[in-house]
Amino acid sequence: MKVTLERLPESRVQLDIEVDQERLEKSLDAAYRRIVQRSRIPGFRPGKAPRQVVERLYGREGLIREALDRLVPDVYNEAIEREDVDAIDQPELEILELDPVRFKATVPVRPTVNLNDYHSIRVEKDKVEVTPEMVEEQILLLRRRHATHVPVDRGARWGDILTADVKATVDGETFVEDENAEFALREGQELLLPGLAEAFLDMKKGDEKTVEIEIPSDFRVERFQGKTAKFELKVNEVKEEQLPEPDDEFANMVNADEFPTFESLKERITNDLREALEAEAENKFRNEAIDKLVEIATLDYPRVLVEREIDHLVSDATGNDRQGYLAYLQRVGRTEAEFREQFREAAEARVRRSLVLSQLAEDEKIEVTDEEVEAEINRISEPLGEQAEAFRSLFNTGEGREQIRRNLLSQKTLDRLAEIASGTAETGGAAATESESAQSEPAAQEETE
């Protein structure tokens, strides 16, 4: 066969393949034998009609088309092996000629990634400050968690706990219907729609009210967007929230063993806030470093990687309930294609991030040893007590250990990127100033016989 190879954008390779006559004739003989075995040809017993008779009945073109089903895949597989094409998905095939057989195969191949001068990346980490207001907010949340709710005979105010019947329709269709719903009236917090919480203010036990509220244009159910909902409200109970005083007794109420005084509780809250803010700052710092790595990188990758990532995101969002998924699409009036499209931007970002991090691990020669995998399994399983052995057996399989290895590799790669972005990384040795990433090959044509 004769093969012409052309490299296309988006990590694709196009093969123009022409099958030589000798091979075509062998494929036609095999096609003839398959046809003659399954066909009833007048004047001949099954399987006994000569090839020229079969070819006269079906035509040479018909015989060739029968041969293509097996000839094309075989020839294509030989061609990509001979040309060292690293295909990652099935090809798109187009028959160009039948006699001689000539076809075109376009196939996605592994991405090419160049990280360029990635050691120049710098990111400033946000400074962390725990303010008194933050601590007071957390204390207030704790006090609310331990509050008592006392029924009152007055109009509802902000901070009260209400039990109410809520019914609403939009153009005659039920929008919401909930009996004896219990909820808190928090100033600045919405109840389903803007304005609904305010509608309950000053209502007493037994009061009823009908209000109309416009549904926002970005409401999650598209068919209700921009319409007006008619609400029927009935208050069954109004309770006042009585908060415990912020003192030692309150600290004991939270946990007497851990917090003998209110100051010890306050100190724990402050430390927990600082740890949370530091973790948030570190996460933001690393995400920005990845974004900068993507920004300076030269990437060429096939679209099939994005489609696969969209598959994962759709699966995460809908689960395995195919019928439920289709029913949801019908309810919101969207097609599968439209639903998938909303994930495209996120899928694109995830693919690009994954590619640059994989390339960084390769360029920095980051590896995970068997000893590190074993140590990680021990670290995770030891605190589990009696369940430790069961956990170890779960991960002491080829697949389980490989999952641990991937997680460790990802963590070590992010740690290395954090060192680079903070300016504390040592360059030299395995880490070159200029990435030695695989270069994108220019479009070219090569012909081989």
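**Exercise 1. Find which residues touch the most other members of the largest nonpolar core, and trace the elements behind that core.**

Step 1. A nonpolar core joins buried Ala, Val, Leu, Ile, Met, Phe, Trp, Tyr and Cys residues through side-chain atoms within 4.5 Å. Buried means under 20% relative accessible area (1.4 Å probe, protein chains only).

Step 2. The largest such core has 36 residues; L115, L293 and V356 touch the most other members.

Step 3. Elements giving two or more residues to this core are α6 (262-296), α7 (303-318), α8 (322-332), α10 (344-363) and α13 (398-422). Helices are DSSP runs of H or I, at least four residues, numbered from the N terminus.

Step 4. Take L293. Beyond neighbours within four places in sequence, its contacts (heavy atoms within 4.5 Å) include L115, V356 and L417.

Step 5. A second, separate core holds 34 residues, among them A31, V36, I80 and A105.

The model is predicted: local features need pLDDT of at least 70, side-chain atom pairs count only at pLDDT 80 or more, and totals for chains, interfaces and linings use all residues. Residues are numbered from 1 along each chain as its sequence is written, and side-chain values use heavy atoms, without hydrogens and water.

**Exercise 2. Describe the surroundings of R143.**

Step 1. Place R143 in helix α3 (residues 132-145).

Step 2. R143 is buried but has no salt bridge (a side-chain nitrogen of Lys or Arg within 4 Å of a carboxyl oxygen of Asp or Glu). The nearest oppositely charged side chain, E245, is 4.9 Å away.

Step 3. A polar side-chain atom of R143 lies 2.8 Å from the backbone oxygen of P244.

Note on methods
Buried means under 20% relative accessible area, exposed over 50%, partly exposed in between (1.4 Å probe, protein chains only). Lys and Arg count as positive and Asp and Glu as negative; His and the chain ends are not counted. A polar contact is a pair of N or O atoms within 3.5 Å; within protein, one must be able to donate a hydrogen and the other to accept it, and residues adjacent in sequence count only if both atoms are side-chain atoms.
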